[in-house]
Amino acid sequence: PAVPGVAMRLAALLAALRPVLPLVLGLSLGCSLSLLRASWSQGGGEEQCPGAVGPPGARGGGARPEAADGRPVPGHEDFKPRIVPYYRDPSKPYKKVLRTRYIQTELGFHERLFVAVLTSKATLNTLAVAVNKTVAHHFPRLLYFTGLRSAKVPHGMVLVAHGDERPIWLMYETMHYIHQHFGSDYDWFYIMQDDTYAQAEQVKALVTHLSINQDVYLGRAEEFIGGDEQARYCHGGFGYLISRSLLLKLHPHLDSCRNEILSVRPDEWLGRCIIDFLGIACVSQLQGQHYHTYELAKNTEPEKEEEEEFQAALAVHPVSDMTMMYRLHKHFSRIQLDRAYQEIQDLQMQIRNLTSLTPAGEGGLTWPVGINAPFLPKSRFEVISWDYFTEQHLFSCPDGSPKCELSGASKADVSEIIESALEQLNSRYQPLLRFSKRQLLNGYRRFDPTRGMEYTLDLLLEAVTQKGHSHVLAKRVSLVRPLSKVEIIPMPYVTEATRVQLVLPLTVQDLDFVANFLDMFAMNTLDTHDNALLTLLFIYHPYDAQRVSQVDVFAGVKAMVGELEKRYAEVKIPWISVKTEVPSQVKLMDIVSKKHPVDTLFFLASVWTEINMEFLNRCRMNTISNWQVFFPVHFQEFNPALVYRGEQTASSSTDFLRDGHFDRHSFAEACFYNSDYMTARTKLAADILDRDEVLESMEVFDVFLHYSGLHLFRAVEPGLVQKYALRSCNPRLSEELYHRCVLSNLEGLASRSHLAMALFEQEQANST
């Protein structure tokens, strides 16, 4: 009787352990294999591979040779990382380490490709201009080099004039200039003539497949006349590629080459210099990459040229005139476009074939194939609205009006979309049917940030059959203009160490808010030792200016400034007094601009602004001298009497954003450099002559918008928060400025829901 009981208990124990049996077996197997591997490694420690050379105990193949002091032998790239412990001498004062802003700079990365184009007096305004209009914008950096003195530079070109038209001297000066100014910034240097057509995309693709650690002299290899058959130079007419390492090694020998090597052709001179001093000859093939060229014959028709050598050429030479340059560019652009379309079709076919194997099946196939699916809103607040349009009008206007004329870029966009729709319909149904447009009945478009611009068109079409019969029908088509490759726009380098000069205009109506402004300025800039200064601009009415000796309306503000200067001994807060009835922002800025250096970074503030370090840093980063000015859109709090209606107000000033909105009608805050303002102001003065009354209808924003070629960066600024205050709108200003001030006050009262609730409570109170 006891045996069955034991068996039952054993079966119950096995059933309980069954879920963990795979884990136990896996751990046991792993431990066994690790022990076996450790024993094999220890057993082979004193043995050498057959054929190994060296003393007993030396490391086997694949190990990195080391010198006696433990350092790696030069020439081996199998580096091992070494951790350097941080140690700071306690006897020395601590010094803050300034690091670069971008990791690319700190790691020593270089740009990929620099292009130099050699031109002359006869071809500067012809072939060089053609090169600039065809392929220059495809290269990341391109400069033109000539031997002319004080040459007139065509528009849109960067020209380096050496002042000597001798070909050898031009080549010598060009190589010296490239090394001096760009030798430490780029990995590859492509040198070509202005009578050469180079396929920019193919050249850029070529350098991405080459190793930057080798000395590369790549081009169309040619033999020297009467020289050694093994020594070859790169023909300058077809362009040639030089690596950075080769340029660095060549530069010390350029002077010797100039004095010792005699040659008529600059490309032969450079090739002989590289061969004699570095022992490197030109090659047309390297690391599996071929440098294909094509010699263009006279009276060649690029459109009819079908040779495989011509189709695969990276460089074509010689190009006789500008027309031939443009024809070559059109032909090779068509070839690249056809290749891109074919590649898109192949990828779409692969996506269709693989979609059936996915969990979603063919139902998960999006349209167009390969483009992201439309954005799916999670709530009604995320729904992307459609804009309605016809061929003449747009019913969603930028200024908020319900209807406006379709013009400019929008008109061109609609016309192109209609033409594209007809082209797609005809390509699908021809030769059975041929469509022509009668009318656009309805048009809808919206921008989907996940995929691009979407269009839905209701077209009234006339369809003609092969027999000539016609029929009018309405057809709805959908089109997508997908987002293309994202491009990073290069911007000049800026830092957060720039001093910011705050300018605060004050009127009599602003006196109640000055104390809070000065308190925030002291707490967020003076206490934190931020690199920021403050200048006050006292705007006196003519009546107050006459009585300033008896009663100074700004006496209280001046007293507060004195207290700040006593509390912070190293701080001085100057003020400027101005007498005017119409406080024009431009006239006031003219006065301030003359009293500061040209490199001053101004922040034009308002008395309701709460200064903080976060915004000042963004002001420094978003304002770039001779490039960009910054006009932030501050966050305006609503009227607490309407928002809270006697309830508890906002919890604290540390809330990220309280109840309010971004005031897009206000342009009172601005960040810009004094030099940029002075340049734009000079153009404005030449335009208006002596009509100073025009300045009363303008703001600083208008000056930069109409009289400077700078980028105007207008963006919402969550770090710039203003408490609610009813602004006083001066009726003596222009109608537009007064209207914007009134709209800012009205929209700053409360949101629509708060206003509706206030009206509802008022109606209830009136009814009772």
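**Sheets, helix pairs and cavities**

Let's start with a small sheet. It is open, and 3 strands form it, in the order β5-β13-β12. The pairing is mixed. Who stands at the edges? β5, residues 197-198, and β12, residues 293-295. Each has a single partner strand, so one side of each is left without a neighbour in the sheet. Please keep in mind that this is a predicted model.

Now look at one pairing in there. β5 meets strand β13, residues 315-317, in the antiparallel sense. The two are joined over 2 bridges. If you want a spot to click on, take Ala198: its bridge partner in β13 is Ala315.

On to another sheet. This one is also open, with 6 strands. Read across, the order is β3-β2-β1-β4-β9-β6. Again the pairing is mixed. Which strands stand at the edges here? They are β3, residues 159-161, and β6, residues 217-219. Each of the two has a single partner strand, so on one side there is no neighbour in the sheet. How are neighbouring strands turned against each other? By 25° on average, with direction ignored.

Stay at the β3 edge for a moment. Its partner is strand β2, residues 142-146, and the two pair in the parallel sense. That pairing runs over 3 bridges. In one of them, Thr146 has Ala161 of β3 as its bridge partner.

Next, helices. Two packed helices are described by the angle between their axes and the distance between the axes. I have two pairs for you.

The pair from the earlier part of the numbering is α4, residues 127-134, with α11, residues 322-355. They pack at an angle of about 20°. Their axes are 9 Å apart. Angles under 35 degrees count as roughly parallel, so α4 is roughly parallel to α11. The crossing of these two is right-handed.

The other pair is α16, residues 585-594, and α19, residues 674-688. Here the packing angle is about 125°, and the axes lie 11 Å apart. α16 and α19 are therefore oblique to each other. Their crossing is left-handed.

Last topic: empty space inside. Rolling a probe the size of a water molecule over the atoms shows where empty space is left. How many cavities of 30 Å³ or more does the count give? It comes to 2.

The largest one holds about 60 Å³ of space. Its lining is made by Gln636, Asp663, Tyr724, Ala725, Arg727, Ser744, Asn745 and Gly748. By class, that is 2 nonpolar, 4 polar and 2 charged residues.

The second largest cavity has a volume of about 40 Å³. Around it you will find Leu118, Met171, Ile191, Met192, Gln193, Gly236, Tyr240, Pro266 and Asp267. Two elements give two or more residues to this lining: β4, residues 186-193, and α9, residues 266-278. Which element has the largest share? β4, with 3 residues. You met β4 a minute ago, between β1 and β9 in the sheet order. By class, the lining of the second largest cavity divides into 6 nonpolar, 2 polar and 1 charged.

So, a quick route for your own viewing. Begin at Ala198 and its bridge partner Ala315. Move to Thr146 and Ala161. Compare the roughly parallel pair, α4 and α11, with the oblique pair, α16 and α19. Then finish at β4, beside the second largest cavity, where it supplies 3 lining residues. That's my tour. Thanks.

Definitions and conventions. Residues are numbered from 1 along each chain as its sequence is written. This is a predicted model: local features need pLDDT of at least 70, side-chain atom pairs count only at pLDDT 80 or more; totals for chains, interfaces and linings use all residues. Side-chain values use heavy atoms; hydrogens and water are left out. On a 1 Å grid over the protein atoms alone, a cavity is a set of points where a 1.4 Å probe fits but cannot get out, and a pocket is an open set with protein on both sides within 12 Å along at least five of seven lines; lining residues have an atom within 4 Å of a point. Grid points are joined across faces, edges and corners, and a volume is the space filled by probe spheres set on the points. Ala, Val, Leu, Ile, Met, Phe, Trp, Tyr, Cys and Pro count as nonpolar, Asp, Glu, Lys and Arg as charged, and the others, Gly among them, as polar. Helices (H or I, at least four residues) and strands (E, at least two) are DSSP runs, numbered from the N terminus. Two strands pair if DSSP finds at least two bridges between them. Axes are lines fitted to C-alpha atoms, for helices over the stretch in contact, and angles run from 0 to 180 degrees between N-to-C directions. Angles under 35 degrees count as roughly parallel, over 145 as roughly antiparallel, 65 to 115 as roughly perpendicular and the rest as oblique. A crossing is left-handed if the near helix is turned anticlockwise from the far one by less than a right angle, and right-handed if clockwise.
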